[in-house]
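Here are a few exercises to work through with the model open in your viewer. Try each task yourself before you read the solution below it.

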Amino acid sequence: MSNYNRRDFAKLMMLGGIGYTVFSCADDKKQEKGVTPEKEAVPTMPELLPENIKIYQKADAEYQDLTIRFNKRIQQAPTYIAQCFNTEGVVAAMQFANFKDLKVVVKSGGHSFEGFSSTNDGLVIDLAEMKKMDWNPDHSLTVETGCILKELYNEMLPKQRILPSGSCATVGIAGLTLGGGYGFFSRKYGLTCDSLQEITLVDGKGNIHHESGTSAILKACKGGGNGNFGIVTKMKFRTYQAPKFFQAYRCKAYKLTTSRAKKLLETWFTHSKNLPTTAFAAFVLNGKTLTVLITNYADDNKGVLDMYNALKEISDKATIGSKRPLAKALRTFYGVQHPIYFKNACAGLYKDFAQIEGCIDDVISKVISSRGLIYQVNTLGGNINSSSLEKRSVFPHRSYPYLSELQSYWDKPSQEASRLEAFQEVQDRFYKHGIRAHYRNYPDINFKDFETSYYGKYLPELKKIKQQLDPENRIQHPQSISL
Ligand SMILES: Cc1cc2nc3c(=O)[nH]c(=O)nc-3n(C[C@H](O)[C@H](O)[C@H](O)COP(=O)(O)OP(=O)(O)OC[C@H]3O[C@@H](n4cnc5c(N)ncnc54)[C@H](O)[C@@H]3O)c2cc1C
């Protein structure tokens, strides 16, 4: 429905009456047992002003479009979708969820690998229309959380500013930052969440929190805030002077055998240790084809050239790109911008090659013998591994300089089962080998012990925040923090 008209409002009030009765019955039972009922605030139907919020149900024309997510593999049909236009709208949506006793998920950019920004029965709070951005005099940028990365880059790059965040155009800044966030500039400037200075958050009861400085809630949102205990509606980021150029180095190798791919991987690990903080590297094994990408944006490129030359020796093809203007160069990494069928997940954070040496033959031989499997290792490290940044966040994996991921993409649903089977076999090999640390923004629904894998030693801290902000566990998805 384009507007929340009077007839619909009356319909909801009637439905809402059921919720009210349930609350009344609960109090009656307490009275029967002689227990004095606590003075709980009974949720009331909020005012749903169309300038703040519109609520849709399955019969509404707009509903289908609002259920679209980046991952076509996971299609869900929520009972209600609340399209919010500002923080007041999100407050109304949370009050609506409390009134109707609905579980809540939140959607910003809709890129969750496992569909955690949708649900089959509750309420989706959709922030995609919230896209205001405001510059502050100190070059920090306050954004509403419906913004996607290309919108941020379009705003920042003409002003010669950057934020260390991801490269894909349509990923949401909210989900990315709340789980950590990394990209080409992270080894120099830290994770995306490390640049987060202030937030506005709506908790499970619909209360608004403004958090900054040493706030425990802000800290929890730096690595542990994805759909766990509150809806973040605004983020203020520190930004940095943009570099003058950006350069990409590539090596390719074809028709790989397991032993040759392993040798290339070992060489990649050996030399990536010496990269300057301005550089980033990725090892991308797609079936039997390898692409190594190294990027840099500073004149100091000794470590980069050493790595490139070592890999060039044992590759089939190698190229050094020209020094390109940043905006132009970044656009070449924007990636696919429409929904696709895929399964991606973290395949572990590692300290070094030795940590995976015992299982990597098995992993590589599975990847090169299966259709459509991609194994990728990316560099973290550099200034991400900072104890002062660690103190202000709950990202537990700073001491791991390598983040790996497994990916598979396909065209038809009929291809899904075999892809998922091969995918899981590789994940099982890493698990058996003791790989347990995983990146929250690369979730896998099949991770055992996912809470400790994602949050490590910060889990108790996060559970305390969950208890404080959402004691009824209204905000939840299949891997949200449990009470
Ligand atoms: C193509 C692609 C490229 C990627 N590239 C990178 C990359 O370069 N670097 C990187 O670090 N990650 C990358 N990622 C992973 C990405 O960081 C996560 O998928 C991220 O969670 C997406 O955020 P979103 O807002 O788009 O997704 P959504 O699906 O909207 O949300 C993702 C999760 O965050 C929660 N959430 C969203 N908004 C809010 C909010 N406002 N308040 C509270 N919780 C919220 C949701 O509940 C959900 O659990 C990539 C993902 C894809 C699909």
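The exercises below go from the ligand shell to salt bridges and then to single residues.

The model is predicted, so local features need pLDDT of at least 70 and side-chain atom pairs count only at pLDDT 80 or more, while totals for chains, interfaces and linings use all residues. Residues are numbered from 1 along each chain as its sequence is written, and side-chain values use heavy atoms, with hydrogens and water left out.

**Exercise 1. The ligand shell**

Task: Find which residues come nearest to the ligand, and work out how the shell divides by residue class.

Solution:
- Step 1. Collect the residues with a heavy atom within 4 Å of the ligand. There are 35 residues around the ligand, and Ser 108, Ser 117, Gly 172, Asn 226 and Tyr 439 come nearest.
- Step 2. Sort the shell by class. Ala, Val, Leu, Ile, Met, Phe, Trp, Tyr, Cys and Pro count as nonpolar, Asp, Glu, Lys and Arg as charged, and the others, Gly among them, as polar. The result is 15 nonpolar, 18 polar and two charged residues.
- Step 3. Map the shell onto helices (DSSP H or I runs of at least four residues) and strands (E runs of at least two), numbered from the N terminus. At least two shell residues each come from β3 (104-107), α5 (173-178) and β10 (230-237). Helix α5 gives the most, with four residues.

**Exercise 2. Polar atoms and burial of the ligand**

Task: List polar contacts to the ligand, including those of Gly 175, Gly 225 and Asn 441, and state how much of the ligand surface is buried.

Solution:
- Step 1. Look for polar contacts, meaning pairs of N or O atoms within 3.5 Å; within protein, one must be able to donate a hydrogen and the other to accept it, and residues adjacent in sequence count only if both atoms are side-chain atoms.
- Step 2. Start with the backbone. A backbone N or O atom of Gly 175 sits 3.2 Å from a ligand oxygen atom, and one of Gly 225 sits 3.4 Å from a ligand nitrogen atom.
- Step 3. Turn to a side chain: a polar atom of Asn 441 is 3.3 Å from an oxygen atom of the ligand.
- Step 4. Compare areas, computed by the Shrake-Rupley method with a 1.4 Å probe (for residues, only the protein chains shown count as cover). The ligand taken alone exposes 950 Å², and the protein buries 95% of that.

**Exercise 3. Salt bridges in two settings**

Task: Decide whether the partners of the Lys 302 and Asp 306 bridge and of the Asp 444 and Lys 343 bridge lie in one element or in distant parts of the chain.

Solution:
- Step 1. Apply the criterion: a side-chain nitrogen of Lys or Arg within 4 Å of a carboxyl oxygen of Asp or Glu. The structure holds 22 such bridges.
- Step 2. Take Lys 302 and Asp 306, whose N to O distance is 2.8 Å. Both lie in helix α9 (residues 302-313), four residues apart, about one turn of the helix.
- Step 3. Check exposure, where buried means under 20% relative accessible area, exposed over 50% and partly exposed in between (1.4 Å probe, protein chains only). Lys 302 is exposed at 56%, and Asp 306 is partly exposed at 36%.
- Step 4. Take Asp 444 and Lys 343, which meet at 2.9 Å, N to O. This pair links distant parts of the chain, 101 residues apart: Asp 444 is in the loop between α13 (416-432) and α14 (450-455), and Lys 343 is in strand β16 (residues 341-350).
- Step 5. Check exposure again. Asp 444 is buried at 1%, and Lys 343 is buried at 4%.

**Exercise 4. A helix pair and a network**

Task: Place Glu 425 and Arg 429 in the fold, then find which residues salt bridges with shared partners join into one network.

Solution:
- Step 1. The closest N and O atoms of Glu 425 and Arg 429 are 3.4 Å apart, giving a salt bridge. Both residues lie in helix α13, four residues apart.
- Step 2. Glu 425 is partly exposed at 28%, and Arg 429 is partly exposed at 24%.
- Step 3. Following shared partners joins Arg 73, Glu 114, Lys 343 and Asp 444 into one network.

**Exercise 5. One residue in a strand**

Task: Say whether Gln 407 is buried or exposed, and which side chains it contacts.

Solution:
- Step 1. Gln 407 is in strand β18 (residues 402-410) and is buried, at 8% relative accessibility.
- Step 2. The Gln 407 side chain makes polar contacts with the side chains of Gln 376 (2.8 Å) and Glu 405 (3.3 Å).
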